[in-house]
Amino acid sequence: QDGTPLRRLPVVRRRHLDPFQPSKGGVLRHREGMTAEPVMMFHIGTSNWQRQGENAPGSGIVHKAMHDAFNGMSGSKCYSIYPSRVQTDPDDDTTFRIFKLEHDIPSFEPSSSCRWQSMDDAQFAAYCKRLENEVCAFMDEVEKKEGRQFDYLVSHHAFANAMTGFQIVEQRKKQGNAKLRHFNFVHGPALDAYMKEREGDPEYPARLLGLAQGNGVFTSLEGCGGVWVSSADYIKTFQECFPAYPQENLVYSRIGVNQSIFCPRGTTVESDLPRHIRDEDRERFASSGIKRLVTFAGEFADWKRLDVLLYAAEIYEQKYPDIGTLIVGSGPPEAVARYEGLAKTLGLQRTFFVGDKSQDDVAQIFSMSEVGAFPSYKEPVGTVFVECMACGTPVIGANSGGPAEFVSDSLGSLFPEDPDWRTESGARRLGERLNNMVQLSMVSNWKGMSKGKNCLPFVQSNYSTAVQCQGMLKNMKEWPKGEEAEEEGESFVIDDGRKVKVCEDEVEMTIALVAEITNIANLAIKAKGAFSVCLPGGSIVQSLDRLPKKKIDWSKIHVFFVNERIGEYKTFKNANKNFIKKFGIPLEQVHKVPEGSPEEVAAKYTELIRSQPKNVVGLSSGGMPSMDLVLLGTGEDGHVGSLHPNKAAIKESGKGQVVLPIDEEGKSSVTISMDVICAAKRVILSAAQEKRSPMVARALMSNRGAFDCPASMVSAQKTLWLVDQESITDHKTKPVAVESPMAQYKTYWDIPGMKAGVITGDVAWNLLCFAKARGFAIPAFNCTSTSTVNAVLEAGKNLNRPVIIQFSEGGSAFFAGKSLANEKKQASILGAVAGAHFVRAVAPAYEIPVLVHSDHCAKKLLPWFNGMLDFDEAFFKYKGEPLFSSHMLDLSEEPHEENIGICKTYLERMAKINLILEMEIGITGGVEDGVDNSGVAKDKLYSTPEEVWQVYETLSPISEKFTIAAAFGNVHGVYKPGNVILRPELLGQFQKYASKLLGGAEKPLFFVFHGGSGSEKEKIDEARGYGVVKMNVDTDTQWAYWEGLLNFYQKNEDYLQGQIGNPKGADKPNKSYYDPRKWVREAEVCMMKRVMESCTDLQNTN
């Protein structure tokens, strides 16, 4: 709505202040009083740029445009590298270089001469390693020249470049440079290939997704600090491929186009088209009589559906002798032959293939065309559409993929898809639809009279590369770092990135170890469906029996062994006793060390590890197997596994060995190498007791890594030392801040006073505080009967999560009985009180905490509110707590000052009995429970920071127990997508405004999300990240309740036409069908499932 190119998802809280902020003009400038130094970034491209006679694909064009845009901004300086087989380094530009290839640029397409899928592990690792080395060499050269380090590294495409970028950042951390952060721009082909693997496409064997998942780049913010996708559709696709990646750092970045090239050029068919015609076609062109032009531009790939355009041309060229068709682009020789052959078969005399053209030529051709026709199937982004419109030319395409997000009727037209488009009959049907659009564009003169005039302003407002890059730069500055987002609680971090967690004693070390492994395992299983752990011998494995049996999917665990004594197998026996048997890990996933001589065993175990699926054991950039976790005990001499100081095995480090044979002093054993240890995604080393203090001090020294202390050489992607107060004594490098793992509540059940049943006062408020701190929200469901109450409670029990049951004024009256008089709201008071008592009676049996709440109370409904408070006060005298947990005042229709004043008066009364107040500012649109706000002015649907602050400033001196339902475009009910414009980012602005006035307090406000039904999931996620602790759901559960009844009726219709008589016989009774317990229960079950879905949306899951 405000012109920004990025659609933001939730942003997690961060502890640092960003010294940069955007000025009113959109250029990032330093805060007042400081001198801004442009950030320095490096981009790794995946495709060539268009130069030295080599045409560029879309991703190369986008990369070049970004490179130029970042260098054209005052707040940034950009360097780049990209691959090419034919291009050479520039002589006149030091900001980019070529990653020289001896083969074509690798691609995912089956027709490619060089496919990623065709590389074996060694070839892929070699490619990535060479890219890493060349990027690092270029970066080192630039840093030396500039006298400072790079701030950001941006990889393009979600495959090899992303994995290489991750490795570069990790290597620089180990070299003492923790400044560099990695981000990724997803163009599409990699995600498309991943999805085809998931779908079982035989041309896309399942391998590459496993490689990417196993690498870990998209598992956490440490691997990749943020991801931009080039199409809104790719948000979901990316999450499906990498489900563990934090959604808050995944955004849609609308790709801009170079508007200095793609703009109206004033070219005409008569004057300028002839020069683009191939020599062999000039004679045919001279007699063609073309005055109006339809243009296609793109690669000759099946999904681009050039055949559809040719079938359309067969029709419109016959009817309109002055219309010609121009085909810009090319492809593999067989594809070129196929389409040119089809054109000849169809007898297309005014269709001309002109081959690849420069961007400048394409812009000239678009400018002289009447319409651009691009009938692609699910065009990922739709850049060619935008380029065409930038030249003032309307567009026609298919209603799928990226173009469906932005091509409106004012800019062109999109025809319906056909599920059989891969067949000739399906393609011809699409051709007929395209022909109809082309003819309509000509008859109506789209370009000259209507749609054409809208195209250029639309592109100028929405597709500027400069604006896109400004948004990306803002993201890079604001996105939190991985350490801040994950909050793992290590006591300190060494300069090379290794982390040290200091515990009070060995008991706390065990607690910390269990917590770490649980988190790592669940993260890996969520990300890739498997978790690989490599276990040592010794006492550390005995601690694993404390792992939570019900919190990890043990069927997904794969066990390997750090070291093993051949013939004795003590490591396996110890692990089997304390870990494998206890948790029922499948024996086929327990990878024992085999029999044989040390050399034979080492070779066999190496092959076993390397042959694992890539989602089990990944591949490091150096081509080494990469396990999810290697667990290590440490000896007093610094040995780990069977890697002892100054022995032969430790001196094999750096040679690419996987498993090493050891045959010393008559003891035959094997051990994984230091190379494998350091290739792991995570390593945890445990070192307790005073006797290990000298070793710990040695291992944590900055001049670490000598063979005399193998523990000092351990440096994986993420390395954690667990130590106690005794073993850290000799370490003097940094002060140690001891943290207890028990400092915070682990679950909501740990909150003092928490119980099953209705909770109120401090317990209820602390639950909301816990929800905000942990980033989840509790949904509140409007209930009108005991049946709907039961459905909500059942869902909460199934999830073992708290829920909120709320009663509206109308719902309360219904609960008591619609026949009761209600002129003074007496029935509404009675119904709400009866509902609260019912919940109190049954909720303990469902074994979950429940808040009871009253919903919207407008000024005219205050008698209802007063009546409920009377009962609260009476209950408080009797029980020491109010009957309800909270109440809501909705005085948003009243003047702002009056709204706050009345809320202040009521909070003063409610605070005396420990009640929570929910108040609303701004108006929630739509219709809810008889309150019709559907015609309210749009500016009333959005609150302001000043209004929200005034609420806080007035109410906080009375009680902390209040929440704010601030308006950010909310509407009650379910509406067609696009008709409701939610702006949850406003909540973040409200938090920042209040935080600034409160001296930096983090997210001081508690927000409520009204109108949750039908809201987009990403909007819900974003709101939750800004301090929403409660979301109201009514319309969706109303429908779910009805749908359950409807389904029951449709399924059993023949048994519900009378008390007697059904398909089984005219005298058969139907009581078992029309019994209310039957169909009411079906309604409950359906509603219960929808309640669980809302809980899941809000991360209120166990």
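Which residues in helix 9 meet helix 13, and which residues in helix 13 do they meet? Let's find out by walking through this predicted model.

**Stop 1: the domains.** Colour the chain by domain to get your bearings. The assignment gives domain 1 (39–252), domain 2 (269–463), domain 3 (491–732), domain 4 (748–1035) and domain 5 (1040–1098). Now place a centroid on the C-alpha atoms of domain 1 and another on those of domain 4: these centres lie 46 Å apart.

**Stop 2: two packed helices.** Next, select residues 306–319 for helix 9 and residues 424–443 for helix 13. Their axes are 7 Å apart and make an angle of about 50 degrees, which means helix 9 is oblique to helix 13. The crossing of this pair is right-handed.

Show the side chains here to settle the opening question. From helix 9, pick D307, V308, L309, Y311, A312, E314, I315, Y316 and K319. Their partners in helix 13 are E424, A427, R428, L430, G431, E432, L434, N435, V438 and Q439. Colour the contact residues by character and you should find 10 nonpolar, 3 polar and 6 charged.

**Stop 3: an aromatic pair.** The whole structure holds 47 aromatic pairs. For one of them, select W49 and F96: the ring centres are 4.7 Å apart and the planes meet at 45 degrees, a tilted arrangement. Trace the backbone from each ring. W49 sits in the loop between strand 4 (39–44) and helix 1 (58–71), while F96 belongs to strand 6 (residues 96–100), so this pair ties together parts that are 47 residues apart in sequence.

Notes. Residues numbered from 1 in each chain as written. Predicted model: local features only at pLDDT ≥ 70, side-chain atom pairs only at ≥ 80, totals over all residues. Heavy atoms only, no water. Axes fitted to C-alpha atoms, helices over the stretch in contact; angles between N-to-C directions. Helix = DSSP H or I, 4+ residues; strand = E, 2+ residues; numbered from the N terminus. Parallel < 35°, antiparallel > 145°, perpendicular 65-115°, else oblique. Left-handed = near helix turned anticlockwise from the far one by under 90°. Contact = heavy atoms within 4.5 Å. Nonpolar A, V, L, I, M, F, W, Y, C, P; charged D, E, K, R; others polar. Domains from an automatic or database assignment. Phe/Tyr/Trp six-rings, centres within 6.5 Å; stacked < 30°, edge-to-face > 60°.
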